Structure formats: C-alpha cells, structure tokens
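Colleague: I have not looked at this one before. Can you walk me through it?
Modeller: Sure, here it is.

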Amino acid sequence: MAVVWRIELLGSLRLVGDHGTLEHFQTRKTEELLALLALPPITRKTREQLIETLWPEIDPATGRNRLSQALAWLRARLEPEGVLPESVLQADRRTVGLNPQAIESDIAVLEELLSGPVTEETLALYTADLLPELDAEWLAWRREQLRERFTEATRQWVRQLEPAQAEPLLRRALEFEP
C-alpha cells in the first residue's frame with residue numbers, strides 16, 4: 001500500500017496528502033487523539049488506554065462516546081472518497097490504530113536519522129518542538145525527550161566543526177534548549 005498521508009508533528013499538527021491538507025481539527029482532543037496514534041512507534045492502542053489518556057476525569061460511558069465521535073470525525077477526513085475504508089484508521093471493538101503503511105511522519109523520519117550518524121541534514125529536520133501548542137501531560141515527556149536528542153546530536157555534530165561553522169548551529173539549538 002502506498003502512503004496516503006504525511007503527518008507533521010513538529011510545530012503544529014498537519015496532514016498532507018493527495019486528498020488535500022488538514023490543519024484544523026474538530027476539537028483539541030481530536031487533535032490529541034491523532035497525535036497519540038501517530039507518534040512512533042505506531043501501534044494499536046486499546047480504547048480504554050485512549051480514553052484514560054485523553055479524558056481521565058470523565059466516566060467510561062462518556063469517554064467511549066467522545067472517543068467514537070472523534071474517531072468518526074477523523075475517519076471522514078483520513079479516508080475520504082477514493083480511499084478504502086479501514087485502510088488508514090483501523091479500529092475494532094477493542095483497539096484503535098493507524099495503518100503504518102498508509103502514513104509517514106516527520107517524527108519517525110527524524111528519530112530514525114537521529115539513531116544513526118549525525119549529519120547537518122538530520123539536524124535541519126528539527127524545525128520546531130513536538131506539538132508545542134498541545135498542553136497535554138502525556139505529550140510533555142515525548143517533547144522533552146526529542147528536544148534532548150536533538151540537542152545532544154547538535155553537540156556531537158559541532159564538535160567536528162570549526163568554531164565559525166559551529167556558531168549558527170549552536171545558536172539554532174539554543175532556540176530550543178536555552
């Protein structure tokens with residue numbers, strides 16, 4: 001299966017594909033749901049996990065209803081006419097997930113490159129923090145972890161450079177990690 005959507009998680013959440021661009025979401029929780037499903041590793045999550053993460057303060061029946069509404073809204077956008085049902089957003093009575101063959105994300109590409117030898121091109125991919133507009137507790141540790149990996153990769157790279165070459169990269173890193 002070909003990739004249907006590219007999901008951008010650095011900066012504002014955005015989906016780009018042959019069927020258009022999606023930048024606005026029904027609710028903040030719908031946006032959080034998509035981010036939670038799209039962050040690597042892309043695995044199926046139980047409905048209970050999603051409800052507990054996104055709506056921990058409400059009763060289970062209300063949580064199930066909100067999750068169903070958010071999934072219906074996402075499905076209508078992720079699988080418009082011409083895209084096979086269940087080819088992008090896969091859900092059953094117990095679990096929900098994105099089809100990893102149908103999506104790619106900037107975070108997955110960046111994390112894969114950060115796992116190998118550091119290059120200036122790898123560092124250039126870190127254009128913004130991970131979803132800085134979403135003030136979700138579950139997301140804070142992932143944001144910090146990714147920022148630390150970027151900062152360490154920058155340190156490794158600039159050690160190989162002359163001071164004049166390193167200065168712009170260090171200034172850029174300071175924007176993210178003062």
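Colleague: Let's start with Leu113. Where does Leu113 sit?
Modeller: Leu113 is in helix H4. Helices (H or I, at least four residues) and strands (E, at least two) are DSSP runs, numbered from the N terminus. Before going on: this is a predicted model, where local features need pLDDT of at least 70 and side-chain atom pairs count only at pLDDT 80 or more, while totals for chains, interfaces and linings use all residues. Residues are numbered from 1 along each chain as its sequence is written, and side-chain values use heavy atoms, with hydrogens and water left out.

Colleague: Is Leu113 buried or partly exposed?
Modeller: Leu113 is partly exposed, because its relative accessible area is 35%. Buried means under 20% relative accessible area, exposed means over 50%, and partly exposed is in between (1.4 Å probe, protein chains only).

Colleague: Which residues make a nonpolar surface patch with Leu113?
Modeller: Val109 and Leu125 join Leu113 in a patch of about 200 Å². Patches are made of residues with over 30% relative accessible area and no salt bridge; like charges are joined within 9 Å, and nonpolar side chains (Val, Leu, Ile, Met, Phe, Trp, Tyr) within 5 Å. The areas come from the Shrake-Rupley method with a 1.4 Å probe, and for residues only the protein chains shown count as cover.

Colleague: And which residues of H4 are buried?
Modeller: Asp106, Ile107, Leu110, Glu111 and Leu114. Seen down the axis of H4, these buried residues fall within an arc of 125°, so they line one face of the helix. The arc is taken from the directions from the helix axis to the C-beta atoms.

Colleague: What do they pack against?
Modeller: The buried residues of H4 pack against S1, strand S7 (103–105), helix H5 (120–124) and H6. Contact means heavy atoms within 4.5 Å.

Colleague: Zooming out, how many helices and strands are there?
Modeller: The chain has 7 helices and 7 strands. From the N terminus on, the order is β-β-β-α-β-α-α-β-β-β-α-α-α-α. The C-alpha trace spans about 60 × 40 × 25 Å along its principal axes.

Colleague: How much of the chain is buried?
Modeller: Buried residues make up 44% of the 178 residues. The chain exposes about 9900 Å², and carbon and sulfur atoms supply 51% of that area.

Colleague: What about the largest nonpolar core, which residues touch the most other members?
Modeller: Ile7, Leu9, Leu33, Leu34, Leu78, Val88 and Leu98, out of 54 residues in that core. Strand S1 (5–8), H1, helix H2 (47–54), helix H3 (60–78), S6, helix H4 (106–114), helix H6 (137–158) and helix H7 (163–176) each supply at least two of its residues. H6 gives the largest share, 7 residues. A nonpolar core is a set of buried Ala, Val, Leu, Ile, Met, Phe, Trp, Tyr and Cys residues joined through side-chain atoms within 4.5 Å.

Colleague: Take Leu34. What does Leu34 touch?
Modeller: Not counting residues up to four places away in sequence, Leu34 touches Ile7, Leu13, Leu15, Phe25, Leu74, Leu78 and Leu98.

Colleague: Different topic. How many salt bridges are there?
Modeller: A search of the whole structure finds 13. A salt bridge is a side-chain nitrogen of Lys or Arg within 4 Å of a carboxyl oxygen of Asp or Glu.

Colleague: Which residue pairs with Arg44?
Modeller: Asp92, at 3.3 Å, N to O. The pair links distant parts of the chain, 48 residues apart: Asp92 is in the loop between strand S5 (89–91) and strand S6 (95–98), and Arg44 is in the loop between H1 and strand S4 (45–46). Asp92 counts as partly exposed at 38% relative accessibility, and Arg44 is also partly exposed, at 37%.

Colleague: And Lys29, what does Lys29 meet?
Modeller: Lys29 meets Glu32 in a salt bridge of 3.9 Å, N to O. Both lie in helix H1 (residues 28–38), 3 residues apart, about one turn of the helix. Lys29 is partly exposed at 29% relative accessibility, whereas Glu32 is buried at 7%.

Colleague: What about Arg75?
Modeller: Arg75 forms a salt bridge with Glu79, with the closest N and O atoms 2.9 Å apart. Arg75 is partly exposed at 23%, and Glu79 is buried at 9%. Elsewhere, salt bridges that share partners join Glu8, Arg14 and Glu23 into one network.
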